[in-house]
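Biologist: Please take a close look at one part of this model and describe how that part is built and what it touches. A connected account would be most useful to me.

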Amino acid sequence: MKMEPVLVPQTSFDPMLPFPVAIRRTTWETDDTFTLLMEPPAADGARFKFLPGQFNMLYVFGVGEVAISISSDPQKPNLIAHTIHRVGTVTTVLSRSKRGEFIGVRGPFGSSWPIEKAKGMDVIVVAGGIGLAPLRPVLYSLFRRRKDYGRIVLMYGARSPLDLLYRVELEQWSKLDGVDVVVTVDRGDSSWKGHVGVVTNLFSYIKMDPPATMAMLCGPEVMMKFTIQELERRGLPLEHLHLSMERNMKCAVGFCGHCQYGPKFICKDGPVFSFPQLSQFFGKGEI
Amino acid sequence: MNAPVRLEAEHLGALLEALKRRGYTTVGPTVRDGCIVYDEIYSTADLPVGWTDEQESATYRLKRRDNEAYFGYNAGPDSWKKFLYPSSLKLLTARKSSKGFEVCSETNGAEVPSYAFIGVRACELNAIHIQDRVFGSGQFTDPTYRARREKAFVVAVNCTQAGGTCFCVSMNTGPRVGDGFDISLTEVVRDENHFFLAAVGSGRGSEVMEEVPHSAAGESDVDAAEGLVNETALHMGRELAADGMKDRLLTHIESPRWDDVAKRCLTCTNCTLVCPTCFCSMIEEVTDLGGTTAERWRRWDSCFTLDFAKVAGGNFRYSVWSRYRQWLTHKLAYWIDQFGTSGCVGCGRCITWCPAGIDITVEAQAVVGVEPQEPKGD
Amino acid sequence: MQPEDLSVVLCKHPFTSDLDEIHMKLLVGCASNVTFKDGEFLFHEGESADRLYLIRNGRVALEVQAGERGLIRIQTVGPGEILGWSWLISPYRWHFTACAVENVRAIWLDGKCLRTKSETDHDFGYEMLRRLALVLEHRLEATRRQLLDVYGSEIGVRR
């Protein structure tokens with residue numbers, strides 16, 4: 001195997017350096033999940049322009065970085081939002097951010113949801129838990145160009161009513177023309193009069209024209225597995241199925257090796273994939 | 001200067017001097033702590049003259065040779081990645097400021113060492129080419145690797161003996177060095193003769209060679225050198241049926257053999273440390289006590305560690321079997337999809353340095369159901 | 001050694017013990033003996049499902065690969081119980097993986113055979129479905145109780 005060395009020129013900005021951005025607001029969505037709203041300086045707005053599905057590396061000075069999907073409107077790169085689950089050291093410090101404080105941002109990185117390919121089709125968005133966060137930019141994009149798409153369905157499942165994200169927006173979206181929002185929880189309480197059960201149950205409540213439908217999924221892998229089985233059963237062509245995958249990320253540029261899933265690097269080949277790209281491995285244990 | 005030339009052993013030092021005059025830091029093999037490692041060498045006296053190594057599964061011993069060959073050994077625990085892709089690298093420094101913090105890259109514009117690698121084997125040169133692809137061929141490239149790589153001068157050495165765990169022939173990576181060297185040497189020690197058959201592979205190699213005393217190589221010199229390399233190819237310590245290995249591994253991705261290996265694997269990460277192509281790293285933040293200055297460091301990591309695939313919701317590779325599978329399947333299968341070649345160069349280091357005696361050639365072939373061959377060798 | 005008379009075994013298993021003679025004969029025609037060693041798999045999720053297992057001895061665990069949560073065992077089935085009804089409903093694929101966690105002895109009934117005989121003899125079909133309905137009701141009840149997560153922390157406590 002005789003190889004020629006292959007060296008290509010660098011990109012224009014250094015993807016390894018975090019850029020300080022000011023916090024505008026921290027909002028609690030649930031008892032352990034919050035949304036960080038940031039305002040890059042106007043002159044740097046273009047730097048953080050992103051596509052729905054991409055993520056940033058958020059840096060807390062001296063503590064570390066985490067990979068978080070961007071969950072704001074792609075048409076407003078001057079107001080970047082990240083919805084974050086407070087679970088470790090970095091996210092705990094992030095959750096205490098005050099207005100005017102700075103965090104470091106590297107990005108955006110990764111592949112994006114196929115909102116162009118979905119034009120002219122019905123779109124089903126299926127979100128589980130915090131999986132709604134990386135899908136919210138899709139919804140903004142679809143609603144902004146409403147006429148370019150057919151029916152839009154959002155199916156959203158969470159653990160309990162108190163774990164639901166973006167409740168005000170869910171209400172607003174459900175009122176839009178040709179948009180169905182169906183929400184379910186695994187366990188309800190006395191005040192909850194909505195659906196209770198797994199998110200796949202919700203398929204009984206929506207009509208679907210499979211050949212003309214694009215599906216976008218995000219949530220825990222096992223939830224996506226069952227959802228895919230259900231969509232397959234209903235005749236959705238697998239090339240119309242897209243999902244966002246999660247793995248441990250450190251460098252975000254395809255060098256540290258942590259985010260590998262089979263031959264794919266989730267940070268640069270993903271996090272959004274079409275199902276056929278992953279079907280060889282999806283659902284298999286500990287890939 | 002295209003034809004090979006004859007370089008007498010006593011003039012090897014002149015080669016080192018010529019490189020040092022040009023500002024290169026000459027790094028090469030030297031004996032330390034009972035093995036042959038790569039470090040700065042100041043003269044030919046630092047080379048492992050008259051030493052050889054005996055390698056087998058979980059075994060490495062140095063032994064005295066019956067001659068004074070400079071390069072009469074095979075792959076030690078070090079590989080050239082320690083120079084091109086250092087095990088610890090400061091990436092940036094951040095300092096608290098009125099606008100949060102200021103970040104300064106420690107890699108862009110950093111001083112780049114000029115290395116001359118003395119004694120690069122065919123398998124190792126292939127490993128360098130593989131890492132060229134890993135760090136240089138994607139959307140993002142690693143500036144430290146590229147800068148060091150561009151400067152690095154390669155004095156390659158054709159192997160004239162096969163190691164106990166070598167299988168470069170199976171991986172089509174040796175024992176003869178391919179393209180990409182500046183100077184190559186084949187050492188011949190025979191009767192009263194001790195010389196190198198030297199070939200030049202680049203413009204700068206040619207320039208350096210001008211300053212080293214050499215003479216025309218006779219036909220018998222060439223035959224002697226070629227003969228040794230050809231003979232080496234027939235005495236590989238291991239074999240691996242590499243053809244179609246990727247597809248066969250993927251077909252057997254859930255083989256019960258993984259559980260078997262898991263009973264033996266200690267996840268000690270020796271294999272990934274010694275492997276010349278493994279590239280996984282971790283990113284670490286370090287602060288001073290005052291909390292005003294922070295540094296970000298990159299260090300070698302290994303897919304064998306427990307936390308490697310950990311995420312907020314759990315751990316994708318909690319079990320030992322899945323981590324061993326990840327390493328082997330990445331090396332022999334996924335790598336091909338990612339970078340266009342196998343990740344394995346058949347150097348045998350992982351076999352030698354695994355304390356549990358796990359052998360990649362045995363395991364890969366067991367997983368896909370190939371009968372193990374009797375190991376060849378003297 | 002004489003092969004076991006399967007009708008004797010089936011008479012002793014709670015799922016089929018009260019079948020009448022004619023129906024028992026139909027059933028035996030679909031039945032075979034099988035054993036699994038501790039750690040052996042009965043079937044894997046996604047595989048073609050065409051068997052109903054009547055467990056005689058030993059325990060079987062139903063499990064699923066749950067991504068970052070690793071392997072989860074969601075339920076076990078033991079002696080006197082049955083395993084597997086995916087053979088009844090198209091597309092006849094197993095939804096979970098079943099692994100023997102002890103040495104297991106079982107009778108397996110061929111799904112296609114059962115479907116065919118049920119179509120021909122509706123009384124037989126009714127007897128099978130009635131028994132299955134009882135098992136399903138019991139399992140659903142148990143699964144709902146398992147969902148309560150009674151040992152877990154309180155539902156969505158506010159900060």
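**Chain C and its contact with chain A**

Modeller: Across the interface of chain C and chain A, 2 residue pairs are in polar contact, with both partners at pLDDT 80 or more. By class, the side of chain C that touches chain A has 7 nonpolar, 4 polar and 5 charged residues. The model is a predicted one, and the values that follow are computed from it. The contact itself takes 16 residues from chain C and 20 residues from chain A. Together the two chains bury about 1,600 Å² here, and carbon and sulfur atoms give 51% of that area.

Charge pairing also enters into this interface, where the count is 3 salt bridges. Side chains of opposite charge can pair when their charged atoms come close. One of the pairs is C:Asp149 with A:Arg187, whose closest N and O atoms are 3.8 Å apart. On the side of chain C, C:Asp149 sits in the segment after α4, while A:Arg187 on the side of chain A belongs to the loop between β9 (179-185) and β10 (195-196). The pair is counted because its N to O distance of 3.8 Å falls within the 4 Å cut-off. Over all chains, the same rule gives 46 salt bridges.

The fold behind this interface can now be described. Chain C has 4 helices and 8 strands. From the N terminus, the elements run as two helices, then eight strands, then two helices. The C-alpha trace of chain C spans about 65 × 35 × 30 Å along its principal axes.

Helix α4(C) takes part in two helix contacts treated here, one with α3(C) and one with α2(C). Two packed helices are described by the angle between their axes and the distance between the axes. For α3 (residues 111-120) and α4 (residues 122-147) of chain C, the angle is about 125° and the axes are 5 Å apart. That angle makes α3(C) oblique to α4(C). The residues of α3(C) in this contact are C:Leu114, C:Lys117, C:Ser118, C:Glu119 and C:Thr120, and they meet C:His122, C:Phe124, C:Gly125 and C:Met128 of α4(C). By class, this contact has 3 nonpolar, 4 polar and 2 charged residues.

The other contact of α4(C) is with α2 (residues 21-28) of chain C, where the axes come within 10 Å and cross at roughly 80°. That crossing makes α2(C) roughly perpendicular to α4(C). From α2(C), the residues C:His23, C:Leu26 and C:Leu27 meet C:Asp123, C:Phe124, C:Glu127 and C:Met128 of α4(C). This contact has 4 nonpolar, 1 polar and 2 charged residues by class. C:Phe124 and C:Met128 therefore appear in both contacts of α4(C), since they meet residues of α3(C) as well as residues of α2(C).

For context, chain A also meets chain B. That contact takes 72 residues from chain B and 49 residues from chain A. The area buried between chain B and chain A is about 5,200 Å², with 61% from carbon and sulfur atoms. Within chain B, B:Phe101, B:Phe140 and B:Phe316 lose the most area to chain A, together 15% of what that side buries. The rule finds 1 salt bridge across this interface, formed by B:Arg296 and A:Glu65 with the closest N and O atoms 3.1 Å apart. There are also 17 residue pairs in polar contact between chain B and chain A, both partners being at pLDDT 80 or more. Several elements of chain B each supply at least two residues to that side, among them β6 (88-97), β7 (100-105) and α11. The largest share, 9 residues, comes from α11(B). By class, the side of chain B that touches chain A has 27 nonpolar, 25 polar and 20 charged residues.

Helix α11 (residues 320-339) of chain B also packs against α13 (residues 360-368) of chain B, at an angle of about 90° with the axes 11 Å apart. That makes α11(B) roughly perpendicular to α13(B). B:Tyr324, B:Trp327, B:Leu328 and B:Leu332 of α11(B) make this contact with B:Ile360, B:Glu363 and B:Ala364 of α13(B). By class, the contact has 6 nonpolar, no polar and 1 charged residues.

Note on methods:
Residues numbered from 1 in each chain as written. Chains lettered and ligands numbered in written order. Predicted model: local features only at pLDDT ≥ 70, side-chain atom pairs only at ≥ 80, totals over all residues. Heavy atoms only, no water. Axes fitted to C-alpha atoms, helices over the stretch in contact; angles between N-to-C directions. Parallel < 35°, antiparallel > 145°, perpendicular 65-115°, else oblique. Contact = heavy atoms within 4.5 Å. Nonpolar A, V, L, I, M, F, W, Y, C, P; charged D, E, K, R; others polar. Buried area = accessible area lost by both parts, 1.4 Å probe. Salt bridge = Lys/Arg side-chain N within 4 Å of Asp/Glu carboxyl O. Polar contact = N/O pair within 3.5 Å; in protein donor to acceptor, adjacent residues only side chain to side chain.
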